[in-house]
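Good morning, everyone, and thank you for making time for this short talk. Please have the sequence and the structure open, and we will go through them together.

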Amino acid sequence: MEVILAEKAGFCFGVKRAVDTAFAKAKEFKAAGRKLYTYGPIIHNEEVIKKLEDAGVYMLQSLDNLDDIPTGSAIIIRSHGVPRSDYEKIESAGLEVIDTTCPFVQNIHKIVSERSDAGDVILIIGNPGHAEVDGTIGWSSSEPYVINSIEDIEALPDFSDASITVVAQTTYSLKKFQEFVEVLKDRYYNINVCKTICNATEERQSEAEKLASTVDAMIVIGGKASSNTQKLYEISKQACNNTYYIQTLVDLDLTVFESASRVGITAGASTPNYIIKEVQDSMSEMNSMEDWLDESNSFNPRKGQVVEGSVIWVKPDEMAVDIHCKADGILKAEEYSNIPVDLTTVFKENDPVTVMVLSPKDAEGNVILSCKSIIADEAYKELQEAFENKTVLTGKVVEIRKGGLIALVKECRVFIPISLVSDRFERDINKYEGQDIEFILTECDMHKKRFIGNRKQLLVEKKAADTEKLLSSLSVGQVVEGDIKNITDFGAFVDLGLADGLLHISEMSWGRVDKPKKLFNVGDHVRCFVKEINGDKIALSCKFEDENPWLKAEEKYAKGTVVKGKVARMTDFGAFVVLEPGIDALLHVSQISQDRIEKPSDVLKSGQEIEAKVVDIRVADKKISLSMKALLPEKPKAEAADENKEEEVVLPESEDIAETIPVDDALAAAVAEDAE
């Protein structure tokens, strides 16, 4: 057995710095007779925590009872970091802070603090409830959103034109981070992605994946509460099904590695080197025993090995094969062909058969065999050539999974992640089932027969070429037509054939538009013109100048004209009346009735049709003033005089001087001011 230890296994820089500081301070404080505490576990490893307790370092689960801690004590801030408010609590209690927050984590705190203060929406990609994530949340001046799945992204609100900043937990899976970022970029317009995953974490995960794909079994060492160790286990498990998660040597069952010829070992950032060495030494001792056993066996099957055998017995759904080793081989019908078959119609006892080893040992000690894998080898070679030459492949979608599609290329299965299916965010990928789609291979692992396809890249490249072609034929002011393909709160995207254009809400109509979805539906055909071209972005407008309602407004709504309109919205000083789409007029509260009215809503309702006289029009400013009072019969002079006397308006010029002006003059001034 070959035992391979990953180079990046064990303590990372941040964890080693925190642990070394804790042990060094433990000696210093013990000599000075002072108490030393950590806020939460210094790292997620029970062995290290126990050693710190023995050294006199105590752990606080919360900061609720700081008054009970002796004066002169200190609290260590662990490498995961804490919210800004926790520093203030400790310092206000008169205790010393020893900050061992990882520098990579401190960088995230700085980004979140600065960008949230600037008004950005903060998105944190990480594990909810993880100490680092909780600490990062505490540095945001606004409530951030934590993302750990595609469903979390789908549940996000529409941030419209808001600026968005994305950060990630330093120990998060790089692949999942990249997948989520792709989905976020497809969904939102103004997004700033900060790649805050620690370099050591990224290298550790990449190394674990490569190592796991080349071994028969994989051991991942680390505390059960360690997030980065859990990520290593998930990554290794995807590449090697025989992956085992242990905390110490006590958890290791050596018997499961008896048939393995290559075993890989990696460890989380919080795993001490001595635990890693214990496991490695134990596996080496097992090697000595295997060497002795190999001398007494003529054949030890290995995964992927092609062997000749003979049929021992056969049933419709499986058969046993003698492959000349201590365990029999089992060939199931689904491993003979992708087409359903009754094996008794193909084989009989003692028939020779060529098979490939899928697994050297199952739960019952049998060797699992396959025939179709041998047949697929030629197709695998074609996929390898396509990967190296970047050849475009065509495959039929045969399965829809939660995380993507399975496409079949000459009986070989290719996985296309949901983030690489399309060049935009797809909520439902079931529509692809049964379709033939084109893609290229972005990952080709011949050892694991693992193939990852990318359809998005082809679509992006085609879209870029189409956009360039369209831009070369467009000019500002040119009239274009297209169908609405997507609607947001800030506008609608119009399919112009080779590319999309943005029809902003402010350019949809000469009239007021509250919500684009009230004016348009997906699929609507629109006629518009090119307002602006900025790089590869096309801004559209439906506000054709010859349709501007203000062109004939001066004649149509001349002063003294009696008009009809509908009340659109109201304020305390008046109501805005729609005379026609694109033209609103102000009906001041003083011009609604001859009687005194506190606010327009006392006598008017939204949507109510009213009749009024135009008392002022300024086309250059796009402002019209109306009066309903002007259409009412005049009151007797005596009554009107009494009312004017009672309703004089006092405008103070200083503490000692005041000037009174008639009601009509004051109202005229108010109308002019409100119209502005």
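I will speak about strand pairing to begin with, and then about salt bridges.

Before anything else, please keep in mind that this is a predicted model.

Let us begin with strand β23, which covers residues 479–487 and pairs in the antiparallel sense with strand β26, residues 525–534, over five bridges. If you want one place to look at in that pairing, find G482, whose bridge partner in β26 is V526. Strand β23 also pairs in the antiparallel sense with strand β24, residues 491–495, and here the pairing runs over four bridges. Within this pairing, N486 stands opposite F493 in β24, and the connection from β23 to β24 is a hairpin of three residues.

Now we come to the side chains, and here you may ask how many salt bridges there are by the rule used. The count comes to 27 salt bridges, and I will take you through a few of them.

One of them brings together the side chains of R115 and D120, with a distance of 3.0 Å from N to O. Are these two residues buried or exposed, or something in between? R115 has a relative accessible area of 31%, so it counts as partly exposed, whereas D120 is buried because its relative accessible area of 5% falls under the cut-off of 20%.

Another salt bridge joins the side chains of E507 and K531 at 3.7 Å, again from N to O. This pair links distant parts of the chain, since E507 sits in the loop between β25 (500–504) and α13 (516–519), while K531 belongs to strand β26, 24 residues apart. You will remember β26 as the strand that pairs with β23 over five bridges. With a relative accessible area of 13%, E507 is buried, and K531, at 43% relative accessibility, counts as partly exposed.

A further salt bridge is formed by E580 with K556, whose closest N and O atoms are 3.0 Å apart. E580 lies in strand β29 (residues 574–580) and K556 in helix α14 (residues 553–556), so this pair ties together parts that are 24 residues apart in sequence. As for its surroundings, K556 is partly exposed, with a relative accessible area of 47%.

Finally, salt bridges can share partners, and in this model such sharing joins K175, E209, E443 and R450 into one network.

Thank you for listening, and I am happy to go back to any of these places with you.

How values were computed:
Residues numbered from 1 in each chain as written. Predicted model: local features only at pLDDT ≥ 70, side-chain atom pairs only at ≥ 80, totals over all residues. Heavy atoms only, no water. Pairing = 2+ DSSP bridges. Helix = DSSP H or I, 4+ residues; strand = E, 2+ residues; numbered from the N terminus. Salt bridge = Lys/Arg side-chain N within 4 Å of Asp/Glu carboxyl O. Buried < 20%, exposed > 50% of the residue type's maximum accessible area, 1.4 Å probe, protein only.
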